[in-house]
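Biologist: I should like to learn how pockets and helices are read from a set of coordinates. Could we begin with the pockets?

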Amino acid sequence: MFPRGRKLLLGVSGGISAYKSCELLRRLQDQGFIVDVVPTAASLNFVGKATWEALSGRKVITDLWSDVESVPHISMAKENDLILIAPTTADLLAKLASGRADDLLTNIVLASNAPKIIVPAMHPEMWLNPATSANVSILRDRGFVVIEPDQGRMTGLDVGVGRYPDLSKIFSEIQAKLQNNSDLAGRRIIVTAGGTREPIDPVRYIGNRSSGKQGFALALAAATRGANVHLISANADLPEIDGVEVTKIETATELLSVLEAEFPKCDALIMSAAVADARVSNYSQNKIKKNDFETMDLTKNPDILARIAEIKKSGQIVVGFAAETDSKSENLVKLGTEKLRSKSLDLMYVNNVTDGAIFGSDSTQGVIIDSNEKNIDIPEISKDTLSDILLDQLVSKLG
Ligand code: CTP
């Protein structure tokens, strides 16, 4: 499994096996990649732009002269964590080896520092031609990964080496290129997720609308980056994550007591759980009848993060979350900064939950507040992508 929300650019050049990259695209998405497809002009003879747009769910631009105002060859070169070109024709290999940049894809490749994986597919005569071999060795010397094509039947009746390789071969190269992102290896991270429930009687409780999706996305992303993750799940109805230790709790009091025991052992706490601010003063063992249910005495719950701040040691990082209903960005920053300071946090993500947005959704929107005042505005993105952005910030705080 790869960290979710990472961006990959899939270049497609003009070979008959371009259709196999439709399946590749799907499998990349299954693995959590956000994929931008950049087809060459020749490849559009085999698979059209509409197919790539529909499959990727993203706008596809095919030439240098579209969307010029956003300078796409530079933005795409910078945004992507990996460039994968499948299939790569003999002609594209030659262009890449000579550093040419006469279309969108070759411009992006030349402008990008991301790792590059090339998947050649062509007839055996072309693959074995000394010109092609020389181009491949130039590219390998420059750090490109060039995957050996498979052996077998070609488009016609000929047989030999040159076939588009099995997808597992491509995925293991991607894994090898991205595996160095285990920047949380050896770190113990606690993530709290979901929303606490404060029972009123055996039937009712005080709760909130947190689904736990953000906390679970963070736990998965941290585990994928090598962390030893302890997920404290408050009433979240979500599937367990392989390799992640889970403690299920219900109330704020239970959450506090688990954290008091576990926090001293961790490098970082990510407090994405929504904690009920109050509990009933007198829990009723029996269901309260509606005629007796007019008022309820409440007792304030402890502010868990404030308690954590009292036992926090130097080097430990604490990330808080806040849900606010003020749609003005400057007010979100103000409210978030006040909470960051009052709770002695290192980072805070303020969700803009106006009109019930974000709860239960797969996407989020808000602002990351940093104790160093380097805030990051977050436009609507997936909770998986936010997890990786927050973990990038956390890694730099951990040092
Ligand atoms: N939090 C906590 N203990 C509480 C309430 C909240 O530790 N009793 C944590 C939440 O997990 C979150 C952060 O504090 O990481 C901010 O939560 P939020 O509900 O936005 O803020 P509150 O402190 O409850 O302030 P208010 O209700 O006034 O907005």
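Modeller: A pocket may be read through the classes of its lining residues. This is a predicted model, and in it the lining of the largest pocket has 15 nonpolar, eleven polar and seven charged residues.

Biologist: Which residues lie nearest the centre of the largest pocket?

Modeller: Ala273, Ala274, Val275, Phe321 and Ala323 lie nearest its centre, out of 33 residues that line it. The volume of this pocket is about 790 Å³.

Biologist: Which elements each supply at least two residues of that lining?

Modeller: Two helices and three strands are to be named here: helix 9 (213–224) and helix 11 (304–311), together with strand 8 (188–194), strand 16 (317–324) and strand 17 (347–352).

Biologist: What is the volume of the second largest pocket, and which residues are the closest to its centre?

Modeller: The second largest pocket holds about 350 Å³ of space. It is lined by 19 residues, and Ile16, Ser17, Ala121, Met122 and Thr155 are the closest to its centre. Helix 4 and strand 7 (159–163) are the elements that give two or more residues to this lining. By class, the lining comprises eight nonpolar, seven polar and four charged residues.

Biologist: Helix 4 has now been mentioned. How many of its residues are buried?

Modeller: The general idea concerns the direction of side chains. An α-helix has 3.6 residues a turn, so residues three or four places apart point the same way. In this model, helix 4 spans residues 90–97, and six of its eight residues are buried. These are Ala90, Leu92, Leu93, Lys95, Leu96 and Ala97; the cut-off for buried is under 20% relative accessible area.

Biologist: Against which elements do the buried residues of helix 4 pack?

Modeller: They pack against two strands, strand 3 (82–88) and strand 4 (116–120), and against helix 5 (104–111), helix 6 (124–128) and helix 7 (130–141). After helix 4 comes Gly99, which has a positive phi, near 70 degrees.

Biologist: How is the whole chain to be summarised?

Modeller: One may give its elements, extent, burial and contacts in turn. The protein chain has 13 helices and 19 strands, and its C-alpha atoms fill a box of roughly 85 × 40 × 40 Å along the principal axes. Of its 399 residues, 49% count as buried. Among contacts between residues at least 6 apart in sequence, 68% join residues at least 24 apart.

Biologist: What share of the accessible surface belongs to carbon and sulfur atoms?

Modeller: The share is 49%, from an accessible surface of about 18,700 Å² for the protein chain.

How values were computed
Residues numbered from 1 in each chain as written. Predicted model: local features only at pLDDT ≥ 70, side-chain atom pairs only at ≥ 80, totals over all residues. Heavy atoms only, no water. Buried < 20%, exposed > 50% of the residue type's maximum accessible area, 1.4 Å probe, protein only. Helix = DSSP H or I, 4+ residues; strand = E, 2+ residues; numbered from the N terminus. Contact = heavy atoms within 4.5 Å. 1 Å grid on protein atoms, 1.4 Å probe; cavity = no way out; pocket = protein on both sides within 12 Å on 5 of 7 lines; lining within 4 Å. Points joined across faces, edges and corners; volume = space filled by probe spheres on them. Nonpolar A, V, L, I, M, F, W, Y, C, P; charged D, E, K, R; others polar. Areas by Shrake-Rupley, 256 points an atom, 1.4 Å probe, with all protein chains shown as cover.
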